[in-house]
Amino acid sequence: MTVSVSPLRRHQREALATLDEASAADDRRSWIVLPPGAGKTRVGIEHAARLLEQDRVGTVVVFGPNTAIQTQRARAWNSLGEGRGAEERGADDQGQAAGGPAGTDRELDAVFTALTYQSLAVFDEERESTGILLDELAPGGRQLVDRLVDSGPLLLILDECHHLLEVWGSLLAELLDLLPEVWVLGLTATPPGTMTHSQRELVSVLFGRVRYSASIPAVVREGDLAPFADLVWLTEPTREEKDWLAAEAVHYTEFITGVLDPSRGSLSFLEWVDRRFLSTRAETVSWQSMRASVPDLCDAALRLHHAELLRLPPGARVGEQHRRDPDIDDWALLIDDWMRHHLLASAEPGDDAAAEAIRRALPAIGYRWTRHGIRPGRSPVDRVIARSAAKPTASADIVALEAAELGERLRMLILCDVESATATLSAEVGEVLDERSGSALLVLETLIADPRTQPLHPVLMTGRTVAGPPEVLADLHSRIAERDRTLASKLSISEPAAGISRLEGGWTSRTWVPLVTECFSRGDIQVLIGTRALLGEGWDAPAVTGVIDLSTATTPTAVTQTRGRALRKDTHWPGKVALNWTVVCVSSEHPRGDQDWGRLVRKHEGFFGTDADGEVVDGVAHIDPAFSAFEPPSDDSFAAINARMTARAQARTEVARRWDVGADYRDEELRSVRILANWENTAEPAPITEHRPTAPDTAAAGLSATRRHLGGDPGRLLPFGFGRGAIAASIGIGVLLVISALLSSGVLAAGLGAFAAVVLIGLPVTLSIAGARRRRLYSRPPTVSQVAGAIAEALHEVGLSTQGAEAVRVRIDARGDLRCHLDADARSAETFALALDEAVSPITDPRYLLPRWHLPPGNPGIRGWWDQLRAGIGSAHERDPVWHAVPSVLGTNRELADAFAASWGSWIGGGGAVYTRNPHGAGILVSVRSANPLELTSVLRTTWH
């Protein structure tokens, strides 16, 4: 039978093209990054086949993290390899594909062998450690190494190679030293930007550089992954859990109250932070230096400032992450600093006792004192939150919601950390948590007991167990018997306990995973519950319509793989749209009640999705634009948020539309600025008044119009081309004409008098009109578009950006927020975004300030007319200017500051840059520091294009 080979997808073709270029240059180390479901396996097999055909290698060995992936890779070689060989040989020659069938053992008898990393990393525990991992291998692992060395020209494909960064990397590095001529291909779905420095170094050793990388949004836009939405279901702990948390919070309150006691220590805590962050002594380091040295401590100090317990340190700038009160981690950092640098270093009586009192109190709030200072300890509060009994109930609500929407198409995967609790609960949480809390078995029990979800035939599948309602397992057993009577004869269904039975007998996960997966894909099972270890990576089931994530893992690898389970295209449902749900438990009863929210934030850092406006953004903002990465929503907003999530889940067509599948894209990440609308005391967002562009999503047209009105000398704004020189000349002519009229008589006198009247009466009118026009322009603050245009133009003129004001994009979203970015390369876009964010934020400690001309409110009567006349003449606008900070990137020297001042004057109107490091400028800075001249709140975001 001929096995057809599907055409290569765009990203597969491009990845293979880069590998071909490397092969032609005899560059043997490569690394390919493609999302789950994007076809990494196909890329690896095609690359292997090409090297075999070119006689560059004679053996291919693929290493993967588990047996499920090992089996899949062997099957892929057999099917794709056979089909590829048949197509190339023609229909009359149906022999086995070149190289023969895949092998799956350490004998390496086959041309293509699929193994697990564990088959190599088998260590002899009785061997004495030498520091060389290869020397510590058990005989089986060492024999595999010898066979690899003796196999001749060799291609190693390291599948899901992110595991090497966690477990086996050092061992593989030693192995590669024994194989100097080896070809190496690393395949992973984990974005390279999420790696640590040590991981990047190891990657360089193992794979060299990234040959090709594609993001999840790119593959979705291409149409090779299903459109998706990331959703959250917020829940509070159960009543019993909340009562327990409230009681535990008393320890926290007592601890902080004691720390703030002004009599504790020879230098109290608040006196210490004042000295630490506000000292003006010459030897004190600058805020910038301190922030570079201890960034987390500085962030904690700024949150203390937000709580009005510390003045704003000189040079500090409050960002989005600082606009909340300090949490327990912030307090721990600040108290640790106080203890190590004062209490424990002091010879004053009582300081050592104060430090000892803090040490004894730390365990009650989940911390401990170590030789390295205060460190997080085992937190019972976090355990209660993470394993809250409210989460299985929330999962049942989501499943019921999805079942009502999808009906027979529903295929829901629920991922947990563990199958069942393996450790006895400590006494401190045993009174509030069930031993099964947080387990997959409790989720299964909850779904079986719920009349909304019980008809969906939920089944649990882990590496040790297949469990479910007895009648569902009986149907599963019958399906297995249709495929393999011998296997079915070995299986039996246990007696139910709490409605749950087990399908037991002579089989292992290697056997039951494909069989249960087949029943799930067919719809015999509509809800599959499992552990992240088995189903969270490498498991292939395109029918999955959604994932409910109950796990606590937040590493980029875990998040990438978990999200990828539902993104595969389903040939039986081309219109599939996937939903990735995360259940988050948050409690305001305890200061550590936001730990689950912190996990949600970490799970979405650097990961992109579409928001409510169809923009592809990273972080929790793409789940809901009201979400902050720095604090959870208030408890009373949970119902409204869950209602919004429900509405999105019921609008899969809209989710797909927002992805705009098939549209062009650059697969680039750009920094942008979001100006937040004022939501205080309003049921609906209050839109920001903004200079509306005349072209869709483009500020350039409107910005150009603004610039024409604000260009150069304000005298240009006078009608009839009147400038200051023209005004002076007109007054002089008028005076001479009046004198002549007085000395003359007759018709000439009447004519001259009339002309003098026009000049002397019309000129004030003209100046009054001009003054009114200027008053309209200078009595209002500039729009964000104007500020953005001034910044973009200045950056471009000094060579810090590849694009100028014409590339500024400004729009108002459905929530009323203003979104602004520079449509340029990533570096230019980031430079612009950082500068704009700084320009619309409160003034901190800039090197240069710029004046913006500002007119005082108009007075009635003759006084107002006189003010308008003077404004028309051009002096009043220079009185009492509004001061703005020059962004840091444009304030490093006088030349850059002057360039920005010129652009600022052209777009907005103002004078020259004032240096704040001399007495005159320093005086101005003292008077305006912390002022927010535009009264706006901005946040930085990253968008995908």
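Analyst: Start with residue classes. Ala, Val, Leu, Ile, Met, Phe, Trp, Tyr, Cys and Pro count as nonpolar; Asp, Glu, Lys and Arg count as charged; the others, Gly among them, are polar. Keep in mind that this is a predicted model.

User: How many residues of each class are in the lining of the largest cavity?

Analyst: The lining has five nonpolar, five polar and five charged residues.

User: What volume does the largest cavity have?

Analyst: About 130 Å³. The count of cavities of 30 Å³ or more comes to eight.

User: Which lining residues are closest to the centre of the largest cavity?

Analyst: Asp549, Thr562, Arg563, Thr582 and Lys603, out of 15 that line the cavity. Now look at the elements. Strand E16 (546–549), helix H23 (556–564), strand E17 (578–585) and helix H24 (595–604) each supply at least two lining residues. H23 gives the most, with four.

User: Next, the nonpolar core. Which residues of the largest one touch the most other members?

Analyst: Find Ile414, Met461, Val466, Trp539 and Trp581, among the 118 residues of this core. Helix H16 (residues 390–406) gives the most to this core, with seven residues. Another core, of 37 residues, lies apart from it; Leu818, Ala833, Ala839 and Phe900 are among its members.

User: What does isoleucine 414 touch, not counting residues up to four places away in sequence?

Analyst: Its contacts include Val399, Val443 and Leu447. Val527, Leu528, Ile529 and Gly530 also touch isoleucine 414, as do Ile548 and Leu550.

User: Now single residues. Is arginine 674 buried or exposed?

Analyst: Read the relative accessible area against the cut-off: under 20% is buried. Arginine 674 has 3%, so it is buried. Its place is in strand E20 (residues 669–675).

User: Which residues does arginine 674 touch, not counting those up to four places away in sequence?

Analyst: Among them are Asp611, Glu615 and Asp817. Others include Leu818, Arg819, Thr937, Ser938 and Arg941. Leu818 is also a member of the core of 37 residues.

User: Why does valine 219 count as buried?

Analyst: Because its relative accessibility is 1%. Valine 219 is found in helix H8 (residues 216–222).

User: What is valine 219 in contact with, leaving aside neighbours within four places in sequence?

Analyst: His11, Pro35, Ala38, Ala214, Asp224 and Leu225. Compare sequence and space, too. Valine 219 and glycine 37 are 182 residues apart along the chain, and their C-alpha atoms are separated by 9.2 Å.

Notes: Residues are numbered from 1 along each chain as its sequence is written. This is a predicted model: local features need pLDDT of at least 70, side-chain atom pairs count only at pLDDT 80 or more; totals for chains, interfaces and linings use all residues. Side-chain values use heavy atoms; hydrogens and water are left out. Buried means under 20% relative accessible area, exposed over 50%, partly exposed in between (1.4 Å probe, protein chains only). Contact means heavy atoms within 4.5 Å. A nonpolar core is a set of buried Ala, Val, Leu, Ile, Met, Phe, Trp, Tyr and Cys residues joined through side-chain atoms within 4.5 Å. On a 1 Å grid over the protein atoms alone, a cavity is a set of points where a 1.4 Å probe fits but cannot get out, and a pocket is an open set with protein on both sides within 12 Å along at least five of seven lines; lining residues have an atom within 4 Å of a point. Grid points are joined across faces, edges and corners, and a volume is the space filled by probe spheres set on the points.
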